[in-house]
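The following report describes one protein chain, beginning with a strand pairing and moving on to cores, aromatic rings and charges over rings. Please read it alongside the sequence and the structure shown here.

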Amino acid sequence: MTTPNISARRTVGACAALMVGALTLTACGGSANAKDDEKGGDGGTKTSVAKIAISAKDGSTGASINSTGVKVSDGKLTDVKMTVAGSDQAVPGSMSGDGKAWKPKEQLERGTKYQISATAQDTDGRTAAANSIFTTVTSSNSFIGTYTPDNGTTVGVGMPVSFTFDKAITDRKTVQSHITVTSSSGQKVVGHWFNGQRLDFRPQEYWKAGSKVTMNIDLDGVEGANGVYGVQKKTVTFTVGRSQVSTVDAGTQTMTVVRDGKTVKTIPISAGSAQHTTYNGQMVISEKFVQTRMNSRTVGLGGEYDIPDVPHAMRLTTSGTFIHGNYWYNKGNPPFGRQGTSHGCVGLADVQGAGGSTPSKWFYDNSLIGDVVIVKNSPDKTVAPDNGLNGWNMAWSQWVSGDAS
C-alpha cells in the first residue's frame, strides 16, 4: 500500500567580513561622536585604544546569519544593542565572560536588515563606539541542506547521512569538502552525489552497532553555485543502536528478524500481489507512523483504496513502499504467510486503532529509523538506490565514483 511522500527532515549566511570602522567608525573602532574627558599634555583629547570590530560590515548586504557578532581588543565591551533596523525589535545576545565578545543568542533571519551599536572602554576608562547597519544573505542568494538523521538520535545500522539541498549545487567538490562525516568505529565514510541536490554519506558496510557518528557542517559562506552561498554551520552527532536486519522472503511470505546476529522472530507477511509486486533489495526505514492515511490516487493507482488509519506504518521508499499493519485483510483470502495480496507494500497482521498485541505492533515497537529491511524472491526489480535511503543497493565502486571530494 502506498501513501504521499512525507518528508521529515531538518536544517540552518554568507561571508561576513571583519570591519574596523572608518569615519563614523574611527580607525580605533570608536565613533566620530565618541567623547573622552581626559586631556593630553597638549590640551587635546586622548583617543581610546579599545578597538571594536563588528563582523558584519556597515552597508553590507550578504552578512552571515550564524557568525555575526562583536569583538574588542585592548578593552572590554560595556554595551551592545542589536535590533531589526527601523524598529524597536531587539535581538537578544550574550556577552563573553571576559567582556571581549558578544554574539546573538539565536540564528539571524535571512534577508533581514539589522543594526548593531557597541561601546567599549580601555583600561584607562576611555570610551570607544561603533555602529553597523547591514542586511543578511537573502533566500535567493543562499542554499540550505535539509539533512537526516537528527542530532542526538539513535538509528539503525543502515542509516545513511543524507542531504537534500534547496538549490542545485554546481561546485560539488567545494560543498562536499565542507561536510565531514566520521565514525568512532573508524569506518571510512564516503559521499555520493545522486544529482545536484542530493548528497549521501555511508561506509562500505553497515555502521558498526554502538558507534557514534559525527557530522560537521561548515557551509556558512561557501559558494555552492554562482552567487549562491551556504548558511549552515553546526555539528550533528547520532548513535548507531543495535544491529537489526529483517529479511522478507516474497516466495515464502515470511519475514525473519535478525538482531545482533541472532534470529529473534519469524513473522508471516503479505507482500505485493502478482499485479502490484514489491521491490527487491535493501531498504532502510526512513519514517515511522503509529497511524497514517494511505490513498492510492497519490501514487497513480486510481481509486483502488483510501484507508485513513493504516496502523504501524514504516516508510521504505520515497515512492510509497511501506511495511505496515493490515486490519482490513480479506478473511476470504489465505491467512498471512500464504499469499501476497498488497499493492506493493509488506503487510503484517494488525487491528484497527493500532492497539492490542499483534505481529505488526511488535515489529513497529522493535524497529528504529535506519533499520534495514531486505526483500528477496519477488518478481519485481531491485529498488533504485535513490528511491528512499537505499544506497546500499549500489556497488561500492559505483558509490565511490559519485564522490566529489
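## Strands, cores and rings

Strand β6, which spans residues 113-121, pairs with strand β7, residues 127-135, in the antiparallel sense, and nine bridges join the two. Within this pairing, I116 has S132 of β7 as its bridge partner. Five residues lie between the strands of the β6 and β7 hairpin, and in this hairpin G125 adopts a positive phi near 80°. The model is a predicted one, and the values below are computed from it.

Taken as a whole, the chain contains three helices and 27 strands. Of its 405 residues, 48% are buried, while the area that the chain exposes is about 18000 Å², with 49% of it supplied by carbon and sulfur atoms.

The largest nonpolar core has 31 residues, and the members that touch the most other members are F163, F165 and M215. At least two residues of this core come from each of the strands β11 (161-165), β12 (179-183), β13 (189-195), β14 (198-203), β15 (212-218) and β18 (233-240). A second core, separate from this one, has 25 residues, among them L77, L108, A120 and A128. Returning to F163, and setting aside residues up to four places away in sequence, its contacts include G145, T146 and Y147, then I179, then the run Q197, R198, L199, D200 and F201, and also M215 and I217.

Aromatic rings form a further theme. The structure holds 10 aromatic pairs, and one of them, formed by F165 and W193, is stacked, with 5.8 Å from centre to centre and 25° between the planes. This pair links distant parts of the chain, since F165 belongs to strand β11 and W193 to strand β13, the two being 28 residues apart. Both F165 and W193 are buried. The pair of Y327 and W328 is edge-to-face because the planes of the two rings stand at 85°, with their centres 5.0 Å apart, and an angle over 60 degrees counts as edge-to-face. F165 and W193 also belong to one aromatic cluster together with F143, Y147 and F163.

Three residues that are neither buried nor fully exposed can be set side by side.

| Residue | Relative accessible area | Class |
|---|---|---|
| Y327 | 22% | partly exposed |
| W328 | 27% | partly exposed |
| V258 | 26% | partly exposed |

V258 is placed in strand β20, which covers residues 254-259. Why does V258 count as partly exposed? Its relative accessibility is 26%, and because the partly exposed class lies between under 20% for buried and over 50% for exposed, V258 falls within that class. Beyond its neighbours within four places in sequence, V258 is in contact with S243, Q244, V245 and T263. S243 is 15 residues from V258 in sequence, and the C-alpha atoms of the two are 8.1 Å apart in space.

Charges placed over rings complete the account. The charged end of K265 sits over the ring of W362, at 5.0 Å from the centre of that ring. K288, in turn, lies over the face of Y364, where the distance to the ring centre is 4.2 Å.

Note on methods: Residues numbered from 1 in each chain as written. Predicted model: local features only at pLDDT ≥ 70, side-chain atom pairs only at ≥ 80, totals over all residues. Heavy atoms only, no water. Core = buried A, V, L, I, M, F, W, Y, C linked by side-chain atoms within 4.5 Å. Buried < 20%, exposed > 50% of the residue type's maximum accessible area, 1.4 Å probe, protein only. Helix = DSSP H or I, 4+ residues; strand = E, 2+ residues; numbered from the N terminus. Contact = heavy atoms within 4.5 Å. Areas by Shrake-Rupley, 256 points an atom, 1.4 Å probe, with all protein chains shown as cover. Pairing = 2+ DSSP bridges. Phe/Tyr/Trp six-rings, centres within 6.5 Å; stacked < 30°, edge-to-face > 60°. Lys NZ or Arg CZ within 6 Å of the ring centre and 35° of its normal.
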